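Please read the report below alongside the sequence and the structure, keeping both at hand. It moves from one hairpin outward to other parts of the chain.

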Amino acid sequence: MHGLLSMVLTAMVAVHPAAHPANDLAQALQPVRDAGAPAAMVLLREHQLVRTAAVGVADTATGRPANSGDHLRAGSVTKSFVATVVLQLVAERRLSLDDRLGALLPGVLPYADTITVRQLLNHHSGVPEYLGIVVQKYAEDPAAWLRHWSPAELVALVADQPAQFPAGTDGRYSNTGYVLLGMIVERVTGRTLAAEIGRRIAGPLGLRDTMLAGDELTPPSPVMHGYAPMPGADPVDVTEWNPSAAWAAGALVSTLADLARFYRALLGGALLPRPLLRQMLATTDVDGIAYGLGVFRISTPCGPAFGHNGAVYGYMTDVFTSADGTRQVVLAENYYDLGAWQAQESLIGTLLCR
């Protein structure tokens with residue numbers, strides 16, 4: 001889930017995946033397989049040409065081969081979707097980036113009056129991380145994997161802890177901050193975050209395979225099953241768990257094609273007014289990463305690229321677009337392992353700049 005370990009269709013040029021992915025693209029994924037991932041897949045766009053490839057198996061129990069159209073859990077790529085909804089509300093003047101958390105969600109945290117919406121978006125809020133507490137509960141009780149978590153319950157896990165630092169004085173990645181942003185969206189709109197993502201992003205862009213999961217224990221079919229390493233044994237299937245524990249921080253379900261289409265629309269100016277898009281892409285340091293408002297910038301051999309990555313149980317995902325919008329790469333694997341993810345992320349620059 002941690003992003004380091006998420007309207008105008010005529011503004012988008014129609015693209016069509018190649019019917020048969022080139023062998024070299026499939027071969028490029030082999031280091032990810034060598035690192036232990038049961039499957040890896042990629043979508044590569046170069047101007048109007050889109051190619052896809054998938055290697056390995058989507059389900060080790062049945063041996064079904066992975067397909068580039070399989071559903072997957074996108075982890076922290078969710079944050080780009082949530083940030084887009086928040087910035088749309090800013091464009092509608094229903095929110096301001098300078099609004100205080102305490103005014104929007106009274107009593108949610110003792111120090112909420114010191115935190116702005118912008119600081120939640122760019123991880124400069126100082127709000128402690130809840131995720132480690134949930135992971136500990138998973139380790140203690142297998143039934144916890146299937147329980148429902150409300151957003152308020154997730155925030156309450158850290159409500160008795162002091163802020164990590166005074167808001168605005170440092171940058172540290174916080175999934176809790178994005179849970180709070182999801183709560184703000186629901187308070188301002190009167191609708192669920194899932195509904196807002198659907199009506200503001202997925203619907204207008206035709207992302208038919210993209211949704212914010214609630215209590216659904218598995219993604220829709222066809223699904224690329226997710227796996228985690230097990231010492232001295234085969235990887236264990238961890239596809240089934242309740243994504244409410246991730247919610248606005250990482251519960252998105254999508255496909256390679258939908259993720260590419262979203263970032264192409266976002267960075268092309270189809271979802272946000274240009275002044276807000278510029279603010280979204282203006283970065284500050286967060287744990288050594290050049291992080292904006294729900295997106296971050298990386299350096300590649302052919303220049304900067306913008307996007308996000310996501311790690312969530314069983315899945316690792318990377319989505320990046322060149323600054324000029326002409327090239328995109330979407331990479332995903334069904335393995336929750338740092339070594340395999342490093343192998344995947346080492347491909348980003350090579351594929352984007354080929």
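## The hairpin of S2 and S3

In this predicted model, the hairpin formed by S2 and S3 has 2 residues between its strands, and His47 there takes a positive phi near 60 degrees. The two strands, S2 at residues 39–46 and S3 at residues 49–59, run antiparallel and are joined by 8 bridges. One of the pairs across this hairpin is that of Leu44 with Arg51, the latter being its bridge partner in S3.

S2 also pairs with strand S15 (residues 327–333), again in the antiparallel sense, over 7 bridges. In that pairing, Met41 stands opposite Ala332 of S15. As a general point, strands of a sheet pair through backbone hydrogen bonds, either parallel or antiparallel.

## Burial of strand S2

How many of the 8 residues of S2 are buried? The count is 8 of 8, so the strand is largely enclosed by the rest of the structure. Buried here refers to a relative accessible area under 20%.

In a regular strand the side chains alternate between the two faces of the sheet. For S2, both faces are covered: on one side Ala39, Met41, Leu43 and Arg45 are buried, and on the other side Ala40, Val42, Leu44 and Glu46 are buried as well. The buried set thus includes Met41 and Leu44, the residues that stand opposite Ala332 and Arg51 respectively.

## The sheet S5-S9-S6

An open sheet of 3 strands follows the order S5-S9-S6, and its pairing is antiparallel. Strand S5 (72–75) and strand S6 (211–212) lie at the edges with a single partner strand each, so one side of each is left without a neighbour in the sheet. Between S6 and strand S9 (residues 252–254) there are 2 bridges, in the antiparallel sense, and Met211 stands opposite Val253 in S9.

## Two buried residues and their contacts

Ala251 is located in the loop between helix H10 (247–250) and S9. With a relative accessibility of 3%, Ala251 counts as buried. When residues up to four places away in sequence are not counted, Ala251 touches Thr78, Met211, Leu212, Ala213, Pro243 and Ala246; among these, Met211 is the residue that stands opposite Val253. Between Ala251 and Tyr138, which are 113 residues apart in sequence, the C-alpha to C-alpha separation is 17 Å.

Thr84 belongs to helix H3 (residues 78–91), and at 0% relative accessibility Thr84 counts as buried. Which residues is Thr84 in contact with, leaving aside neighbours within four places in sequence? They are Ile201, Phe262, Leu266, Leu271, Leu272 and Met280.

## The chain as a whole

The protein chain has 14 helices and 15 strands, and its C-alpha atoms fill a box of roughly 55 × 50 × 35 Å along the principal axes. For 354 residues, a compact globule would have a radius of gyration near 20 Å, and the 19 Å of this chain agrees with that expectation. Buried residues make up 55% of the 354 residues.

The chain exposes about 13500 Å², of which carbon and sulfur atoms supply 54%. As for its charges, the mean position of the 25 positive ones and that of the 31 negative ones are 10 Å apart.

Key: Residues are numbered from 1 along each chain as its sequence is written. This is a predicted model: local features need pLDDT of at least 70, side-chain atom pairs count only at pLDDT 80 or more; totals for chains, interfaces and linings use all residues. Side-chain values use heavy atoms; hydrogens and water are left out. Helices (H or I, at least four residues) and strands (E, at least two) are DSSP runs, numbered from the N terminus. The radius of gyration is taken over C-alpha atoms; the globule rule is 2.2 Å times the number of residues to the power 0.38. Buried means under 20% relative accessible area, exposed over 50%, partly exposed in between (1.4 Å probe, protein chains only). Accessible areas come from the Shrake-Rupley method with a 1.4 Å probe; for residues, only the protein chains shown count as cover. Lys and Arg count as positive and Asp and Glu as negative; His and the chain ends are not counted. The place of a charge is taken as NZ of Lys, CZ of Arg, CG of Asp or CD of Glu. Two strands pair if DSSP finds at least two bridges between them. Contact means heavy atoms within 4.5 Å.
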